[in-house]
Amino acid sequence: MPEQLLFAMEVTLNGLMAGVLYALVALGFVLIFKASGIFNYAQGVMALFAALTLVGIMEGQVPFGHLINAIFGTEIHHFGWHVPGLIAIVITMMIMVALAWAVNQFVMRHLVNQEPIILFMATIGLAYFLEGFGDLMWGSDIKNLDVGLPQGLNSWIDETTFNALGYGFFIDNLDIVASVVAALLVVALVVFAQYTKQGRAMRAVADDHQAALSVGISLNFIWVMVWSVAGFVALVAGIMWGSKSGVQFSLSLIALKALPVLMLGGFTSIPGAIVGGLIVGVGEKLFEFAIGPMIGGATENWFAYVLALVFLVFRPQGLFGDKIIERV
Amino acid sequence: MLYREAGDFKTSYKDDSQTFPIQMDRWGYYAILAIAFIAVPLVINDYWASAVLLPFLIYAIAALGLNVLTGFCGQVSLGTGGFMAVGAYACYKLMTTFPEVSILVHVVLAGGITALVGVLFGLPSLRIKGFYLAVATLAAQFFLVWLFNKVGWFYNYSASGQISAPERTVIGLAVTGPVATPAVKYLVCLSFLVASAWIVRNLTRGSVGRKWMAIRDMDIAAEIIGVNPLASKLTAFAVSSFFVGISGALFFSVYLGAVEVGEVFGIQKSFLVLFMIIIGGLGSIFGSFAGAAFIVLLPVFLKNVLVGGLGWATDLAAHLEIMILGGLIVTFLILEPHGLAQLWRVSKEKLRLWPFPH
């Protein structure tokens, strides 16, 4: 097989893996959008916050250490213990639930029935708040996250493809783990939404929250639950991205990457988020590979947006989204 | 007792529909203009110009521009930073290609070029709405910044990839470059701001502005009563981008002097200007000023108190700043969706009746 084609295949495979990671973030968006009609811009920052908290707990960092030191002139940074990954994940999840409760109690409850664009801007504010809060709590230096996920070249794929095609594909173990986790997560979420009592209640709230309220569904409970589930997805995405590229501010920018994914796949569809993620992942890698060198490279910054923009003009609801019907 | 409209009789329709119908408002307006044009240039120094006044004036122009699009026409844009970059690079190319033409003309032309680009990226607004459009404008933001970073023609193939403003004079006084005095820079920006505010005010109370507001309030109803959505949305994009472009051009040429596009006109700038109009007040000209002043002053204030007063580290103050900013956005959206402008209106209403309760 010609070398170029093999390269292209490797790029495509890597693009698929990157797409899975985008889809992970996009999933969190879809969940909140389906259940409350809120486009949650803060999802990316939630992933960053979750990852920061996880690292902080594992390392035994003192929360708000810098702030306390600045106010009281003390010199405390660490408790001096290390928490195993699994326990730290559980504690982080509890913090994310508390966060979900706080968001609902202090922000979203007061904005019920507002226009979607107002809610969107509120979540931008929330994103800023959470970003400052996370940095204040754990410090803004780049941290390493290691919860024991396998990393590095997968030698089995490398050897097999080398023997079969004469060219070894480079595929990261972490990406494979991420794909498996994403697949499990999607299945779990679909089962949860379709077959459990809470899931049905969630879909009822999404359909019409006043009608849901009148048949005895607690809106507060459902909204806190939805934000908690989104927090859980953010935690998973934070672990994956944090293990891949370190826990740092740029992690929150993956939210921006997830936006075109959503626009392609449709805001209301869980499978759409996955397919959209794969299209964006493969598309931007292939575009960078084929056309990038001709026009100066680094096309990954904008390719997804322009693709989504062009796509939206022809199909505003996305590939799998519900048709947008406007009533007067 | 102090703020009264009694005895101020209107005898013509023209009097009745003026911008400041109350006499004391009018006097206040002239007084502020006089102070801004005459008193401030006499006392201005380098610190005040570069830390507070110049950014305030330039951001106020950008906020006015975004307010036309978002506040008056209801189309949210997250591409403000990208459009400011268009203004800056257009101004740079014009300044270096036609050095003999006045910089004031270049700034206005840069606004015109930005308006064309804005219309181009505004075209999808006919098909998509709300936050779909907001996300679509992100395409403009990222694509434009990438373009100015990668295509050498835009920065005249300079080795650093930066653009820096050559020295230009207006009636013999240096406006750009290292020898320009703060007073001159201030006056140039102030003139542009006053002219922009005057134009926006008169556009928004005419037929164009009414069409924008009709589209904002309900686009389908507006279309049924005969407002052309294509024309209204695209004019809003054009006018908005025009002012955003002017602010970008001034930001680069007069304020900073040298610009690296990704750093100065990144996505953060888009959010900053959006925050200004949310905090200041959507659909209000006073709100654009108030929001710009607030967002410019907040970091200066926090820095002086926390770093200067309490001796904290600067990064700590920066984290606290974005936290407060985010908290304020949410608070304003919940408690006062019309922003500082509405607070101002309410307090004026109270002042008219004071000290009587009714």
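Modeller: Let's start with a term: two residues are in contact if their C-beta atoms, placed from the backbone, lie within 7 Å. This is a predicted model, where local features need pLDDT of at least 70, side-chain atom pairs count only at pLDDT 80 or more, and totals for chains, interfaces and linings use all residues. Residues are numbered from 1 along each chain as its sequence is written, with chains lettered from A and ligands numbered from 1 in the order in which they are written.

Biologist: How many residues does each chain give to the contact?

Modeller: By that 7 Å rule, 36 residues come from chain B and 41 residues from chain A. On the chain B side, α14(B) gives the largest share, 13 residues.

Biologist: What makes α2 of chain B a helix, and how do you know that its span agrees?

Modeller: Helices are DSSP runs (H or I, at least four residues; strands are E, at least two), numbered from the N terminus. The expected span is 1.5 Å times one less than the number of residues, so the 21 residues of α2 (residues 23-43) of chain B should span 30 Å, and the end C-alpha atoms, 29 Å apart, agree.

Biologist: Where is the kink in α2(B) centred?

Modeller: On I35(B), with about 35 degrees; the bend is the angle between axes fitted to the seven residues ending there and the seven starting there.

Biologist: Why is α2(B) called hardly covered?

Modeller: A residue is buried if 20 or more other C-beta atoms lie within 10 Å of its own, exposed if 12 or fewer, and partly exposed in between, with C-beta atoms placed from the backbone. Among the 21 residues of α2(B), the count of buried ones is zero.
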